[in-house]
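Please open the structure in a viewer and keep the selection panel at hand. The tour proceeds by selections, each followed by a description of what is found there.

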Amino acid sequence: MRTINSEEITKTVAQLCIDANCHLPQDIRDAIEGAHRDEPFDIAKNILDKIEENYRIADEDDVPICQDTGLACVFLEIGQDVHIEGNLKDAVDEGVRRGYTEGYLRKSCVKDPIDRVNTGDNTPAVIYYDIVPGETLKITVAPKGFGSENMSQIKMLKPSDGLEGVKNFILKVVEDAGPNPCPPIVVGVGIGGTFDKAALLAKKALMRPVDRRSDKPFYAELEQEMLEKINALGIGPQGFGGKTTALAVNIETLPTHIAGLPCAVNINCHVTRHKTAVL
């Protein structure tokens, strides 16, 4: 049994909040730069150039890539042989509080969804817990802006809708979103499980590097097919047209009930932020 002190968790979460908001993951940078090279439309190419300039300035000056520094989504993979000394939720929330305050990040969390009073420190975090083998604690902070989150959808398809129903729904969500989620986007898709699990699968799909396809050949092919269909829509960077509407489509699946076919689509803007540390 290994013990991890809650203060160590707090310090790690605080730094991850800052790093995630200021430094874009390398796989996203590579995808944007690749899209820039391949984009034949002048306006789209110019916008991608500005996107690159923006994240380079953020990187060099340690400032947020986007003014919407998101709701703090924190994924915890807790080794079953780990003992947390202190309150885990409180430790994570304190880390978010410190990170968003010390990093001068915008606080976007309201205490109640109806009265809309800001909590002032971007807490509480949205925390996802997974118990895994081992004696480490893996922490991923993924700030989620709501320009893209608001464009996400879930649908309880019928088994008879089949594969075509899934394809049509994914395409419809992206078409409905149009320029609103600041394309080029990353599309996370969750298929199977239950109503809530499908949505979580879609969000977790956004954590997978965009240069890595599904390890299931069928879904790897489906990811590529849907990426091509989405880019054929011509929405383009920031909605001004072009061949680059999405950087990737990542699909995750789970077994489901004989009477169901849940499908969730969670969209991220080109600022697909996530940073991970292992304690």
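The stops below take in two sheets, a helix, several loops and a single threonine.

**Before starting**

This is a predicted model, in which local features need pLDDT of at least 70 and side-chain atom pairs count only at pLDDT 80 or more, while totals for chains, interfaces and linings use all residues. Residues are numbered from 1 along each chain as its sequence is written, and side-chain values use heavy atoms, with hydrogens and water left out.

Helices (H or I, at least four residues) and strands (E, at least two) are DSSP runs, numbered from the N terminus. Two strands are said to pair if DSSP finds at least two bridges between them.

**First stop: the sheet with β2**

Select β4, β2, β5 and β10. These four strands form an open sheet in the order β4-β2-β5-β10, with mixed pairing. Its edge strands are β4 and β10, each of which pairs on one side only. Neighbouring strands of this sheet are turned by 15 degrees against each other on average, direction ignored.

Next, narrow the selection to β2 (residues 71-79) and β4. Seven bridges pair these two strands in the parallel sense. To see one position, select I78, whose bridge partner in β4 is I131.

**Second stop: helix α1**

Add residues 6-22, which form helix α1. Helix α1 lies across β5 and β10 and runs at about 40 degrees to β5; such angles run from 0 to 180 degrees between N-to-C directions, the axes being lines fitted to C-alpha atoms, for helices over the stretch in contact.

Does the length of α1 agree with or depart from the expected span of 24 Å? The expected span is 1.5 Å times one less than the number of residues. The end C-alpha atoms of α1 are 25 Å apart, which agrees with the 24 Å that its 17 residues should span.

Now colour α1 by accessibility, where buried means under 20% relative accessible area, exposed over 50%, and partly exposed in between (1.4 Å probe, protein chains only). Twelve of the 17 residues of α1 are buried, so the helix is largely enclosed by the rest of the structure. Among them are I9, V13, L16 and A20. An α-helix has 3.6 residues a turn, so residues three or four places apart point the same way.

Which elements cover the buried residues of α1? The cover includes β1 (2-5), α3 (42-61), β3 (82-85), α4 (88-102), β5 and β10 (275-278).

Finally, select N5 and E7. N5 caps the N-terminal end of α1, with a side-chain oxygen 2.8 Å from the backbone nitrogen of E7; a polar contact is a pair of N or O atoms within 3.5 Å, where within protein one must be able to donate a hydrogen and the other to accept it, and residues adjacent in sequence count only if both atoms are side-chain atoms.

**Third stop: T136**

Select T136, in the loop between β4 (126-132) and β5 (137-144). At 37% relative accessibility, T136 counts as partly exposed. Leaving aside residues up to four places away in sequence, T136 touches R2, E77, I78, G79, V82, V278 and L279, contact meaning heavy atoms within 4.5 Å.

**Fourth stop: two loops**

Most residues other than glycine have a negative phi, and most peptide bonds are trans.

Go to the loop between α4 and β4, where N122 is found. N122 has a positive phi of about 65 degrees although it is not a glycine, and it is buried, with a relative accessible area of 0%. In the same loop lies P124, joined to T123 by a cis peptide bond with omega of about 5 degrees.

Then select C182, in the loop between α6 and β7. Phi of C182 is near 60 degrees, a positive value, and at 32% relative accessibility C182 counts as partly exposed. A cis peptide bond joins P183 and P184, with omega of about 15 degrees.

**Last stop: the sheet with β7**

Select β6, β9, β7 and β8. They form an open sheet of four strands in the order β6-β9-β7-β8, with mixed pairing. β6 (153-157) and β8 (246-256) stand at the edges with a single partner strand each, so one side of each is left without a neighbour in the sheet. The twist averages 15 degrees from one strand to the next.

Five bridges join β6 to β9 (residues 261-268), and the two run antiparallel. Here I154 stands opposite A264 in β9.

To finish, add two helices. Helix α7 (residues 195-205) lies across β6, β7 (185-193), β8 and β9, at about 145 degrees to β7. Helix α8 (residues 217-231) packs on the sheet, touching β7 and β8, and its direction makes about 140 degrees with that of β8.
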